[in-house]
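Hi,

Here is the structure I promised to pass on. Have a look at it first, and then read on for my notes.

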Amino acid sequence: MKILILHAHPRLSASIVQRAMLRALDGLEGVSLVDLYAEYPDLAIDVAREQHRLLAHDVIVLQHPFYWYSSPAIIKEWQDLVLENGWAYGPGGTRLAGRFLMSAVSTGGSEQAYHHEGRNRFEMEELLSPFNQTAWLCSMAWLAPFVIHAGRRMPPAALSTAAESYRDLIVGLRDGSIDPLARLAPGYSLPPAFSEGIRR
Ligand SMILES: Cc1cc2nc3c(=O)[nH]c(=O)nc-3n(C[C@H](O)[C@H](O)[C@H](O)COP(=O)(O)O)c2cc1C
(Lines give C-alpha, C1' and ligand atoms only; values in the text may rest on other atoms or scores of the structure.)
Protein backbone atom coordinates (compact mmCIF):
# COMPACT_ATOMS: atom_id res chain seq x y z
CA MET A 1 0.00 0.00 0.00
CA LYS A 2 1.17 3.51 -0.74
CA ILE A 3 0.96 5.77 2.28
CA LEU A 4 0.49 9.54 2.21
CA ILE A 5 1.15 11.41 5.45
CA LEU A 6 -0.32 14.91 5.49
CA HIS A 7 1.44 16.56 8.39
CA ALA A 8 0.41 19.85 9.99
CA HIS A 9 2.11 21.68 12.84
CA PRO A 10 2.00 25.49 12.80
CA ARG A 11 5.10 25.76 15.06
CA LEU A 12 7.20 22.76 14.18
CA SER A 13 10.33 24.35 15.68
CA ALA A 14 8.66 24.18 19.12
CA SER A 15 7.37 20.63 18.64
CA ILE A 16 8.59 17.68 20.66
CA VAL A 17 6.04 14.94 20.03
CA GLN A 18 5.26 15.51 16.37
CA ARG A 19 8.95 15.88 15.61
CA ALA A 20 9.61 12.54 17.33
CA MET A 21 6.90 10.97 15.16
CA LEU A 22 8.40 12.52 12.01
CA ARG A 23 11.88 11.35 12.99
CA ALA A 24 10.56 7.81 13.35
CA LEU A 25 9.28 7.93 9.76
CA ASP A 26 12.51 9.37 8.38
CA GLY A 27 13.73 7.62 5.25
CA LEU A 28 10.86 5.17 4.91
CA GLU A 29 10.39 4.16 1.28
CA GLY A 30 6.86 4.01 -0.09
CA VAL A 31 5.72 6.64 2.41
CA SER A 32 5.15 10.18 1.10
CA LEU A 33 5.41 12.87 3.72
CA VAL A 34 3.89 16.30 3.10
CA ASP A 35 4.48 19.19 5.51
CA LEU A 36 1.36 21.22 4.76
CA TYR A 37 2.43 24.40 6.58
CA ALA A 38 5.83 24.34 4.86
CA GLU A 39 4.24 23.89 1.44
CA TYR A 40 1.40 26.35 1.99
CA PRO A 41 2.51 28.94 4.58
CA ASP A 42 -0.27 31.28 3.39
CA LEU A 43 -2.83 28.43 3.27
CA ALA A 44 -3.19 28.79 -0.53
CA ILE A 45 -3.61 25.09 -1.18
CA ASP A 46 -3.05 23.83 -4.72
CA VAL A 47 -6.20 21.73 -5.11
CA ALA A 48 -5.26 19.93 -8.33
CA ARG A 49 -1.87 18.98 -6.89
CA GLU A 50 -3.38 17.68 -3.66
CA GLN A 51 -6.07 15.70 -5.48
CA HIS A 52 -3.40 14.20 -7.73
CA ARG A 53 -1.44 13.20 -4.62
CA LEU A 54 -4.46 11.54 -3.06
CA LEU A 55 -5.09 9.45 -6.17
CA ALA A 56 -1.52 8.14 -6.04
CA HIS A 57 -1.94 6.69 -2.53
CA ASP A 58 -4.05 4.09 -0.74
CA VAL A 59 -3.79 5.15 2.90
CA ILE A 60 -4.12 8.84 3.80
CA VAL A 61 -2.84 9.78 7.27
CA LEU A 62 -3.67 13.14 8.84
CA GLN A 63 -0.85 13.66 11.33
CA HIS A 64 -1.05 16.65 13.66
CA PRO A 65 -1.21 17.83 17.26
CA PHE A 66 -4.74 17.87 18.68
CA TYR A 67 -5.73 21.54 18.82
CA TRP A 68 -8.98 22.61 20.44
CA TYR A 69 -10.29 19.05 20.20
CA SER A 70 -9.62 19.00 16.47
CA SER A 71 -6.81 19.77 14.04
CA PRO A 72 -4.67 22.81 13.26
CA ALA A 73 -6.42 25.11 10.77
CA ILE A 74 -4.61 23.98 7.62
CA ILE A 75 -6.09 20.49 7.85
CA LYS A 76 -9.56 22.05 7.79
CA GLU A 77 -8.59 24.31 4.88
CA TRP A 78 -7.24 21.26 3.04
CA GLN A 79 -10.53 19.42 3.60
CA ASP A 80 -12.62 22.41 2.57
CA LEU A 81 -10.75 22.92 -0.70
CA VAL A 82 -9.51 19.47 -1.77
CA LEU A 83 -12.48 17.24 -0.97
CA GLU A 84 -14.68 18.71 -3.68
CA ASN A 85 -18.30 17.89 -4.41
CA GLY A 86 -18.46 15.65 -7.51
CA TRP A 87 -14.89 14.50 -6.85
CA ALA A 88 -14.69 13.22 -3.28
CA TYR A 89 -18.42 13.02 -2.56
CA GLY A 90 -21.80 13.82 -4.08
CA PRO A 91 -22.98 12.81 -7.55
CA GLY A 92 -20.11 11.09 -9.37
CA GLY A 93 -17.79 11.83 -6.47
CA THR A 94 -16.15 8.49 -5.81
CA ARG A 95 -12.51 9.24 -6.60
CA LEU A 96 -11.43 8.36 -3.07
CA ALA A 97 -13.58 5.23 -2.80
CA GLY A 98 -11.68 2.20 -1.57
CA ARG A 99 -8.95 4.22 0.16
CA PHE A 100 -8.23 4.44 3.87
CA LEU A 101 -8.17 7.48 6.16
CA MET A 102 -6.47 7.58 9.55
CA SER A 103 -5.69 10.25 12.12
CA ALA A 104 -2.30 10.21 13.86
CA VAL A 105 -2.49 12.77 16.63
CA SER A 106 -0.71 13.88 19.75
CA THR A 107 -2.57 15.37 22.68
CA GLY A 108 -1.60 17.42 25.69
CA GLY A 109 -4.25 15.66 27.77
CA SER A 110 -3.71 12.25 29.30
CA GLU A 111 -5.49 9.11 28.14
CA GLN A 112 -7.65 9.16 31.32
CA ALA A 113 -8.79 12.71 30.53
CA TYR A 114 -10.46 11.49 27.32
CA HIS A 115 -13.33 9.60 28.92
CA HIS A 116 -16.85 10.59 29.85
CA GLU A 117 -15.84 10.97 33.49
CA GLY A 118 -12.52 12.65 32.61
CA ARG A 119 -11.81 16.37 32.34
CA ASN A 120 -12.23 16.36 28.55
CA ARG A 121 -15.65 14.64 28.86
CA PHE A 122 -15.47 12.84 25.51
CA GLU A 123 -13.53 9.92 24.12
CA MET A 124 -11.03 10.52 21.31
CA GLU A 125 -13.20 8.53 18.90
CA GLU A 126 -16.13 10.84 19.62
CA LEU A 127 -14.07 13.99 19.17
CA LEU A 128 -12.66 12.65 15.91
CA SER A 129 -16.13 11.81 14.57
CA PRO A 130 -16.08 14.62 11.93
CA PHE A 131 -13.11 12.79 10.34
CA ASN A 132 -14.91 9.47 10.68
CA GLN A 133 -17.95 10.85 8.85
CA THR A 134 -15.77 12.62 6.26
CA ALA A 135 -14.22 9.25 5.44
CA TRP A 136 -17.66 7.69 5.18
CA LEU A 137 -19.01 10.41 2.89
CA CYS A 138 -15.94 9.99 0.68
CA SER A 139 -16.51 6.19 0.52
CA MET A 140 -13.28 5.55 2.43
CA ALA A 141 -12.53 3.24 5.32
CA TRP A 142 -11.88 5.01 8.62
CA LEU A 143 -9.11 3.39 10.62
CA ALA A 144 -8.70 3.43 14.38
CA PRO A 145 -6.67 6.56 15.19
CA PHE A 146 -3.09 6.42 16.38
CA VAL A 147 -2.78 8.66 19.46
CA ILE A 148 0.14 9.68 21.65
CA HIS A 149 -1.30 11.15 24.83
CA ALA A 150 0.67 13.65 26.90
CA GLY A 151 3.89 12.92 25.00
CA ARG A 152 5.55 16.13 26.15
CA ARG A 153 5.40 14.81 29.73
CA MET A 154 6.86 11.40 28.84
CA PRO A 155 10.45 10.47 29.58
CA PRO A 156 12.39 10.58 26.29
CA ALA A 157 12.68 6.78 26.10
CA ALA A 158 8.91 6.36 26.43
CA LEU A 159 8.30 8.96 23.72
CA SER A 160 10.76 7.15 21.44
CA THR A 161 8.93 3.88 22.07
CA ALA A 162 5.60 5.52 21.22
CA ALA A 163 7.05 7.04 18.04
CA GLU A 164 8.49 3.65 17.05
CA SER A 165 5.09 2.04 17.45
CA TYR A 166 3.78 4.68 15.02
CA ARG A 167 6.50 3.74 12.55
CA ASP A 168 5.71 0.03 13.00
CA LEU A 169 2.06 0.73 12.19
CA ILE A 170 2.93 2.71 9.05
CA VAL A 171 5.44 0.08 7.92
CA GLY A 172 2.92 -2.70 8.60
CA LEU A 173 0.26 -0.94 6.52
CA ARG A 174 2.77 -0.28 3.76
CA ASP A 175 4.03 -3.88 3.63
CA GLY A 176 0.64 -5.56 4.10
CA SER A 177 1.58 -7.26 7.37
CA ILE A 178 -1.17 -5.13 8.93
CA ASP A 179 -4.51 -5.50 7.15
CA PRO A 180 -6.20 -2.09 7.28
CA LEU A 181 -9.62 -3.74 7.12
CA ALA A 182 -8.76 -5.48 10.39
CA ARG A 183 -7.94 -2.07 11.86
CA LEU A 184 -11.17 -0.21 11.20
CA ALA A 185 -12.29 2.06 14.02
CA PRO A 186 -14.62 0.21 16.39
CA GLY A 187 -18.20 0.31 15.09
CA TYR A 188 -17.23 1.62 11.63
CA SER A 189 -19.04 -0.13 8.81
CA LEU A 190 -17.73 0.31 5.29
CA PRO A 191 -19.63 2.80 3.12
CA PRO A 192 -21.60 1.31 0.18
CA ALA A 193 -19.26 2.53 -2.60
CA PHE A 194 -16.05 1.49 -0.80
CA SER A 195 -15.81 -1.82 -2.71
CA GLU A 196 -16.20 -0.06 -6.09
CA GLY A 197 -12.96 1.73 -5.25
CA ILE A 198 -11.21 -1.52 -4.31
CA ARG A 199 -11.79 -2.74 -7.91
CA ARG A 200 -10.36 0.41 -9.51
C1 LIG B 1 -3.53 26.01 20.23
C2 LIG B 1 -3.41 24.73 21.01
C3 LIG B 1 -4.55 23.98 21.24
C4 LIG B 1 -4.44 22.78 21.94
N5 LIG B 1 -5.59 22.05 22.15
C6 LIG B 1 -5.50 20.85 22.79
C7 LIG B 1 -6.67 20.06 22.97
O8 LIG B 1 -7.78 20.41 22.58
N9 LIG B 1 -6.53 18.87 23.64
C10 LIG B 1 -5.31 18.44 24.09
O11 LIG B 1 -5.26 17.34 24.67
N12 LIG B 1 -4.19 19.16 23.89
C13 LIG B 1 -4.25 20.35 23.26
N14 LIG B 1 -3.12 21.10 23.03
C15 LIG B 1 -1.81 20.49 23.39
C16 LIG B 1 -1.15 19.88 22.16
O17 LIG B 1 -1.99 18.93 21.52
C18 LIG B 1 0.17 19.17 22.52
O19 LIG B 1 0.99 20.12 23.16
C20 LIG B 1 0.85 18.64 21.28
O21 LIG B 1 0.12 17.56 20.71
C22 LIG B 1 2.25 18.15 21.59
O23 LIG B 1 2.91 17.94 20.36
P24 LIG B 1 4.15 18.84 19.91
O25 LIG B 1 5.20 18.70 20.94
O26 LIG B 1 4.54 18.26 18.59
O27 LIG B 1 3.64 20.25 19.77
C28 LIG B 1 -3.19 22.31 22.40
C29 LIG B 1 -2.05 23.09 22.16
C30 LIG B 1 -2.15 24.29 21.49
C31 LIG B 1 -0.90 25.11 21.24
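Below is what turned up, element by element.

Before anything else, please keep in mind that this is a predicted model.

**Helix α3**

Let me start with α3, which spans residues 47-55. Which residues of this helix are buried? They are Glu50, Gln51, Arg53 and Leu54. These residues sit on the same side of α3, because the arc they cover around the axis is only 155 degrees. Turn to the other side of the helix and you find Ala48 and His52, which are exposed.

As for what lies over the buried residues of α3, the cover includes three strands, β1 (3-7), β2 (31-35) and β3 (59-65), plus the helices α2 (36-39) and α4 (73-82).

The N-terminal end of α3 has a cap, and the residue that provides it is Asp46. One of its side-chain oxygens is 3.4 Å from the backbone nitrogen of Ala48.

**Salt bridges**

Two of the buried residues of α3, Arg53 and Glu50, come back here. How many salt bridges does the structure hold? There are six.

One of them is between the side chains of Arg53 and Glu39, at 3.1 Å from N to O. Arg53 belongs to helix α3 and Glu39 to helix α2, so this pair ties together parts that lie 14 residues apart in sequence. Arg53 has a relative accessibility of 16% and is therefore buried, given that the cut-off is under 20%. Its partner Glu39 is partly exposed, at 30%.

Arg53 also forms a salt bridge with Glu50, and there the N to O distance is 2.5 Å. Both residues are in α3, three residues apart, which is about one turn of the helix. Glu50 is buried, and its relative accessible area is 1%. On the general point, residues three or four places apart point the same way because an α-helix has 3.6 residues a turn.

Put Arg49 into the picture as well and you get a network: Glu39, Arg49, Glu50 and Arg53 are linked by salt bridges.

Over in α4, the side chains of Asp80 and Lys76 meet in a salt bridge at 2.9 Å, N to O. About one helical turn separates Asp80 and Lys76, because they are four residues apart in α4. Asp80 is partly exposed, with 45% relative accessible area, and Lys76 is partly exposed with a value of 45%.

**Strand β3**

Now for β3, one of the elements that cover the buried residues of α3. Is this strand mostly covered or mostly open? Mostly covered: seven of its seven residues are buried. In a regular strand, side chains alternate between the two faces of the sheet. In β3, one side carries Val59, Val61, Gln63 and Pro65, while Ile60, Leu62 and His64 are on the other, and both faces are covered.

β3 also has strand partners. It runs parallel to β1, and five bridges join the two. If you want a place to look, Ile5 has Val61 as its bridge partner in β3. With β4 (residues 100-107), β3 pairs in the parallel sense over seven bridges. There, Leu62 of β3 stands opposite Ser103 in β4. What kind of unit do β3, α4 and β4 make? Together they form a right-handed β-α-β unit.

**The loop between β1 and α1**

Last, two residues from the loop that connects β1 to α1 (17-25). One is Ser15, the other Arg11. Is Ser15 buried or exposed? Ser15 is buried, with a relative accessible area of 2%. Leaving out residues up to four places away in sequence, Ser15 touches His9 and Arg152.

Arg11, by contrast, counts as exposed, with 57% relative accessibility. From Arg11 to Leu96 the distance is 30 Å, C-alpha to C-alpha, and the two are 85 residues apart in sequence.

If you open the model, Arg53 is a handy place to begin, since you can pick out its salt bridges with Glu39 and Glu50 from there.

Cheers

Note on methods. Residues are numbered from 1 along each chain as its sequence is written. This is a predicted model: local features need pLDDT of at least 70, side-chain atom pairs count only at pLDDT 80 or more; totals for chains, interfaces and linings use all residues. Side-chain values use heavy atoms; hydrogens and water are left out. Buried means under 20% relative accessible area, exposed over 50%, partly exposed in between (1.4 Å probe, protein chains only). The arc is that of the directions from the helix axis to the C-beta atoms. Contact means heavy atoms within 4.5 Å. A polar contact is a pair of N or O atoms within 3.5 Å; within protein, one must be able to donate a hydrogen and the other to accept it, and residues adjacent in sequence count only if both atoms are side-chain atoms. Two strands pair if DSSP finds at least two bridges between them. A crossover is right-handed if, with the strands pointing away from the viewer, the path from the first strand over the helix to the second runs clockwise. A salt bridge is a side-chain nitrogen of Lys or Arg within 4 Å of a carboxyl oxygen of Asp or Glu.
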